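Work through the following exercises with the sequence and the 3D model side by side. Try each task before you read its solution.

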Amino acid sequence: MEMLRDADIDPSALAGKRVAILGYGNQGRAQSLNLKDSGIDVVVGLRGGSGSTMEAEAAGLETALIEDAVASADVVMMLAPDEIHATLYSEIEPHLRDGAALGFSHGLSVRFGLVKPRADLDVFMLAPKGPGTALRSLYTEGKGMIALWAVEQDATGQAGAIALAYGQAIGCARAGLIASSFAEEAEADLFNEQAVVWGGVPELLIAGFETLVAGGISPEVAYLECVGELHLIAELIEARGIAGMKEVISNTAELGALLGGRRIIDDGVRRRMAEVLAEVRAGRFAEELRSEEESGYQRLEKARAEARSAAIEKTYRRLRGRD
Ligand SMILES: NC(=O)c1ccc[n+]([C@@H]2O[C@H](COP(=O)([O-])OP(=O)(O)OC[C@H]3O[C@@H](n4cnc5c(N)ncnc54)[C@H](OP(=O)(O)O)[C@@H]3O)[C@@H](O)[C@H]2O)c1
């Protein structure tokens with residue numbers, strides 16, 4: 001694995017170039033502010049009547065309608081939600097300059113064919129491995145967030161240099177840029193979302209909480225045990241790695257983890273994880289995401305309402321004084 005940092009990167013690929021950021025959400029806000037503070041000429045492209053226009057301008061950014069921003073730019077970054085990339089790309093394609101660079105922060109829409117970029121375009125990915133809020137706060141603290149970078153299409157011979165200079169300008173090369181591909185990033189990211197951190201972990205916490213409550217433990221104690229300690233292990237793993245984390249917990253916790261961990265996460269879990277990965281690679285999730293958007297996000301809205309009224313959520317609110 002090659003990890004590139006500031007000293008390895010030539011910023012000149014972005015010198016004198018104008019960058020259009022499409023979308024001013026989680027990533028769009030952070031990336032456009034970091035670019036501006038790095039001295040890059042940046043314009044935020046927003047749809048007519050967008051509520052984000054005032055916010056972006058108050059932050060000192062230039063804004064324009066999406067098509068005007070695209071027509072004025074050498075580098076166009078797609079930072080609207082993934083499920084609208086297909087529609088958004090078809091709207092902007094006629095306005096993209098010949099030989100412009102088209103950038104993404106997630107490989108999904110190119111890997112699964114939602115976007116098929118024109119042959120004259122450079123197509124690159126710069127995917128920070130974390131939320132935009134942290135990307136921005138790390139940058140302002142003089143630090144950076146690790147990112148994956150890739151080139152899908154190198155029409156001008158400059159795509160790689162632009163990706164790296166972009167990663168440097170948003171501060172990620174302070175932490176490190178790792179070479180990847182659209183396919184690798186998209187498949188690993190979608191797998192993790194379903195099977196590990198965002199899908200697996202919350203369900204494990206809920207199952208543990210419900211098991212303790214069904215066994216007669218009070219919801220408050222069940223919550224503090226099963227959910228309340230999560231940030232402690234996350235911080236320890238971040239600081240010391242998994243083996244290092246095990247060395248600083250008590251022998252009681254370490255033996256419990258040894259005996260219980262592999263009993264819960266057994267071969268059945270690994271088999272289902274492999275199924276999830278195969279489904280992701282076959283494009284099943286990309287199809288689900290497309291139909292979810294078409295339905296007006298019905299499944300997501302229903303799941304959000306159910307999660308808000310679940311017993312574990314009521315316990316959280318009581319414990320944290322949020323009622
Ligand atoms: N969330 C993260 O931290 C994160 C981390 C790594 C990579 N990524 C990737 O970064 C990209 C952006 O994700 P995000 O979470 O930052 O997106 P987001 O916050 O959901 O994006 C919201 C922005 O997109 C605009 N938008 C929404 N629908 C639009 C439409 N139909 N036409 C034009 N603009 C539209 C919104 O416009 P208005 O302001 O007008 O509402 C808003 O400015 C994705 O590819 C994602 O996978 C995200």
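**Exercise 1: Contacts of the ligand**

How far is an oxygen atom of the ligand from a polar backbone atom of Asn26?

Solution. Keep in mind as you start that this is a predicted model. Find Asn26 and look at its backbone, where a polar atom is 2.9 Å from an oxygen atom of the ligand. Then go to Gln27, where a backbone N or O atom lies 2.8 Å from an oxygen atom of the ligand. Asp82 takes part through its side chain, in which an N or O atom is 2.6 Å from a ligand oxygen atom. Taken alone the ligand exposes 900 Å², and the protein buries 73% of that.

**Exercise 2: The shell around the ligand**

Find how many residues surround the ligand, and sort them by character.

Solution. The shell holds 22 residues, and the closest are Tyr24, Gln27, Ser50, Ser52 and Asp82. Sorting the shell gives 9 nonpolar, 11 polar and 2 charged residues.

**Exercise 3: Salt bridges around helix H14**

Which residues do Arg290 and Glu288 pair with in salt bridges?

Solution. Begin with the general idea that side chains of opposite charge can pair when their charged atoms come close. The side chain of Arg290 meets that of Glu287 in a salt bridge, with 2.6 Å from N to O. Both Arg290 and Glu287 lie in helix H14, which covers residues 284-294, and they are 3 residues apart, about one turn of the helix. Now turn to Glu288, which forms a salt bridge with Arg299, the closest N and O atoms being 2.8 Å apart. Because Glu288 lies in helix H14 and Arg299 in helix H15 (residues 298-308), this pair ties together parts that are 11 residues apart in sequence.

As a last step, consider how open these residues are, remembering that partly exposed means a relative accessible area between the cut-offs of 20% and 50%. Arg290, at 34%, counts as partly exposed, and Glu287, at 41%, is also partly exposed. Glu288 is partly exposed with 35%, and Arg299 is partly exposed with 48%.

**Exercise 4: Other salt bridges**

Find the distance between N and O in the salt bridge of Asp37 and Lys36, and name the residues that are linked with Arg18 in a network of salt bridges.

Solution. The side chains of Asp37 and Lys36 meet with 3.9 Å from N to O, and this value falls within the 4 Å cut-off for a salt bridge. Asp37 has a relative accessible area of 40% and is partly exposed, while Lys36 counts as partly exposed at 32%. Arg18 is linked with Asp41 and Glu62 in a network of salt bridges. The count for the model comes to 21 salt bridges.

**Exercise 5: A helix inside and a patch outside**

Is helix H7 largely enclosed by the rest of the structure or open, and which residues form a nonpolar patch on the surface?

Solution. In helix H7 (residues 159-169), 10 of the 11 residues are buried, so this helix is largely enclosed by the rest of the structure. Among the buried residues are Ile162, Leu164, Tyr166 and Gln168. Helix H7 is followed by Gly171, whose phi is positive, near 90 degrees.

For the second part, look at the surface, where Leu230, Ile233, Ile237 and Ile242 form a nonpolar patch with about 310 Å² of accessible area together. Ile242 has its place in helix H11, residues 230-248, and is exposed, with a relative accessible area of 52%.

Methods. Residues are numbered from 1 along each chain as its sequence is written. This is a predicted model: local features need pLDDT of at least 70, side-chain atom pairs count only at pLDDT 80 or more; totals for chains, interfaces and linings use all residues. Side-chain values use heavy atoms; hydrogens and water are left out. Buried means under 20% relative accessible area, exposed over 50%, partly exposed in between (1.4 Å probe, protein chains only). Helices (H or I, at least four residues) and strands (E, at least two) are DSSP runs, numbered from the N terminus. A residue is near a molecule or strand if one of its heavy atoms lies within 4 Å of it. A polar contact is a pair of N or O atoms within 3.5 Å; within protein, one must be able to donate a hydrogen and the other to accept it, and residues adjacent in sequence count only if both atoms are side-chain atoms. Accessible areas come from the Shrake-Rupley method with a 1.4 Å probe; for residues, only the protein chains shown count as cover. Ala, Val, Leu, Ile, Met, Phe, Trp, Tyr, Cys and Pro count as nonpolar, Asp, Glu, Lys and Arg as charged, and the others, Gly among them, as polar. Patches are made of residues with over 30% relative accessible area and no salt bridge: like charges are joined within 9 Å, nonpolar side chains (Val, Leu, Ile, Met, Phe, Trp, Tyr) within 5 Å.
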